[in-house]
Amino acid sequence: MESLEKEMASADLCDKVDKGSSKCEVEDGSRPSTPLSDASDDSFHSLEDEDREMPVHESEPSRASEETDESSEGCHPSEIPLIEPDGKDGTETPEHLHGDDKTSENSWEKLVTQEQDEQQQIEDEEEEEEDFVDEEYLKDLELNMSEEEKNAKREESQTHKESGNIKFKAGQFQEALTSYTAGLRICPLAYPRDRAILYSNRAAAKARLNLKKKAISDCSKAIELDSVYTKAVMRRATLNEETGNLDEALKDFQRVLELDPVNKESHEAVRRLPDMITERNEKLKEEMLGLYPVVN
């Protein structure tokens with residue numbers, strides 16, 4: 001019996017061993033063989049691992065950004081150089097041109113006007129120097145002059161006057177003006193009539209050069225030297241009318257009639273000018289009322 005039980009136990013044990021061996025073969029056969037190459041190792045990495053280990057390729061703008069950041073690295077924002085808005089060379093805009101466009105334009109116009117006024121003033125001064133006559137110097141000079149010396153100076157001034165008259169008739173008005181000025185600079189003050197003629201002649205040359213205001217000034221000097229110099233008064237009357245000084249022109253024409261009652265031109269002017277003055281005054285009155293309307 002015992003022997004029979006042992007044989008049965010031995011048989012059961014063999015069956016179990018056979019079944020276990022068969023099971024192991026099935027599992028081994030289903031398991032894939034492990035590759036031996038390095039590439040096979042990478043095939044077992046998960047996608048998550050690939051994302052983590054794969055090198056990231058950055059775009060060109062990012063690289064440029066990094067280069068910019070590197071160039072400014074270590075610089076405080078206040079130390080970064082700024083582009084000057086005033087000009088390529090970094091020069092400062094003049095103070096008068098700062099502000100809005102209208103202000104800059106007005107400032108520019110003021111500068112241009114100022115420069116033009118300064119230029120005109122320089123030109124006027126130059127013209128005054130050209131025909132300036134220093135009568136104080138002549139006065140001091142005559143104190144120590146003899147009558148013979150004065151007469152010699154007078155004759156020399158007459159030579160300049162005659163030269164001026166010739167140039168005037170030839171239409172050389174600037175040259176005539178220069179000759180008359182030369183005569184005034186040497187003609188003694190002791191001969192006011194001669195000097196009055198020189199001033200009046202020079203006024204005629206200035207009038208032809210369209211220097212009418214200066215011509216009026218020369219006429220006035222001539223009249224101061226010779227109050228009955230009808231030709232100078234007549235010349236100033238005409239110039240006053242041409243420049244719009246109607247009231248002064250009327251007075252001068254009336255003065256001419258006192259000196260020369262038969263002067264035809266003065267008679268016509270005396271009849272013409274009062275109406276012109278009235279018309280001018282009415283026009284000025286209307287303009288003033290337009291500027292300052294009467295409020296009831």
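A polar contact is a pair of N or O atoms within 3.5 Å, where, inside a protein, one atom must be able to donate a hydrogen and the other to accept it. The legends below describe close-up views of a predicted model, and the first of them shows a contact of this kind.

**View 1. A polar contact joins the side chains of E242 and K212.** E242 lies in helix α11, and its side chain makes a polar contact with the side chain of K212 at 3.2 Å, a distance that falls within the 3.5 Å cut-off. The two residues are 30 positions apart in sequence, while their C-alpha atoms are 8.6 Å apart in space. E242 has a relative accessibility of 48% and therefore counts as partly exposed.

**View 2. The whole protein chain is shown as a setting for the close-ups.** The chain contains 13 helices and zero strands, so that reading from the N terminus one meets an α element followed by further α elements along the whole series. Of its 296 residues, 22% count as buried. The chain exposes about 22500 Å², and carbon and sulfur atoms supply 52% of that area. Among the contacts with a separation of 6 or more, 53% come from residues that stand 24 or more positions apart.

**View 3. The largest nonpolar core of the model has 28 residues.** The residues with the most contacts inside this core are A222, Y229, F253 and L273. Six helices each supply at least two residues of the core, namely α8 (173-186), α9 (192-208), α10 (212-225), α11 (230-242), α12 (246-259) and α13 (264-291). Apart from this core lies another one, made of five residues, and A215, I216, C219 and L239 are among them.

**View 4. F253 is shown with the residues that it contacts.** When neighbours within four places in sequence are left aside, F253 is in contact with M234, A237, T238 and E241, and also with S266, A269, V270 and L273. One of these partners, L273, is listed together with F253 among the residues that have the most contacts inside the largest nonpolar core.

**View 5. The charged end of R193 sits over the ring of Y229.** The distance from this charged end to the centre of the ring is 4.5 Å. Y229 has already appeared in View 3, as one of the residues with the most contacts inside the largest nonpolar core.

**View 6. The rings of F168 and F173 form an edge-to-face pair.** A search of the whole structure finds one aromatic pair, and in this pair the ring centres are 5.2 Å apart while the ring planes stand at 70 degrees, so the arrangement is edge-to-face. F168 is partly exposed, with a relative accessible area of 21%, whereas F173 is buried, with a relative accessible area of 18%. The two residues receive these labels because buried means under 20% relative accessible area.

**View 7. S179 is a buried residue of helix α8.** The relative accessible area of S179 is 6%. Not counting residues up to four places away in sequence, S179 touches H160, S163, G164 and K167.

**View 8. M145 is placed in the loop between α6 (135-142) and α7 (147-169).** Although M145 belongs to a loop, M145 is buried, with a relative accessible area of 16%. M145 touches K150 and K153, not counting residues up to four places away in sequence. The C-alpha atoms of M145 and P188 are separated by 9.7 Å, and these residues are 43 positions apart along the chain.

**View 9. N210 has a positive phi in the loop between α9 and α10.** The phi of N210 is near 65 degrees, a positive value in a residue other than glycine. Most residues other than glycine have a negative phi. N210 is exposed, with a relative accessible area of 59%.

**View 10. N263 lies in the loop between α12 and α13.** The side chain of N263 reaches the backbone nitrogen of E265 at 3.3 Å. At 16% relative accessibility, N263 counts as buried, and, with neighbours within four places in sequence left aside, N263 is in contact with M234, V256 and L257. One of these, M234, is also among the residues contacted by F253 in View 4.

Key:
Residues are numbered from 1 along each chain as its sequence is written. This is a predicted model: local features need pLDDT of at least 70, side-chain atom pairs count only at pLDDT 80 or more; totals for chains, interfaces and linings use all residues. Side-chain values use heavy atoms; hydrogens and water are left out. A nonpolar core is a set of buried Ala, Val, Leu, Ile, Met, Phe, Trp, Tyr and Cys residues joined through side-chain atoms within 4.5 Å. Buried means under 20% relative accessible area, exposed over 50%, partly exposed in between (1.4 Å probe, protein chains only). Helices (H or I, at least four residues) and strands (E, at least two) are DSSP runs, numbered from the N terminus. Contact means heavy atoms within 4.5 Å. Rings of Phe, Tyr and Trp (its six-membered ring) pair if their centres lie within 6.5 Å; planes under 30 degrees apart count as stacked, over 60 as edge-to-face and the rest as tilted. A charge sits over a ring if NZ of Lys or CZ of Arg is within 6 Å of the ring centre and within 35 degrees of the ring normal. Accessible areas come from the Shrake-Rupley method with a 1.4 Å probe; for residues, only the protein chains shown count as cover.
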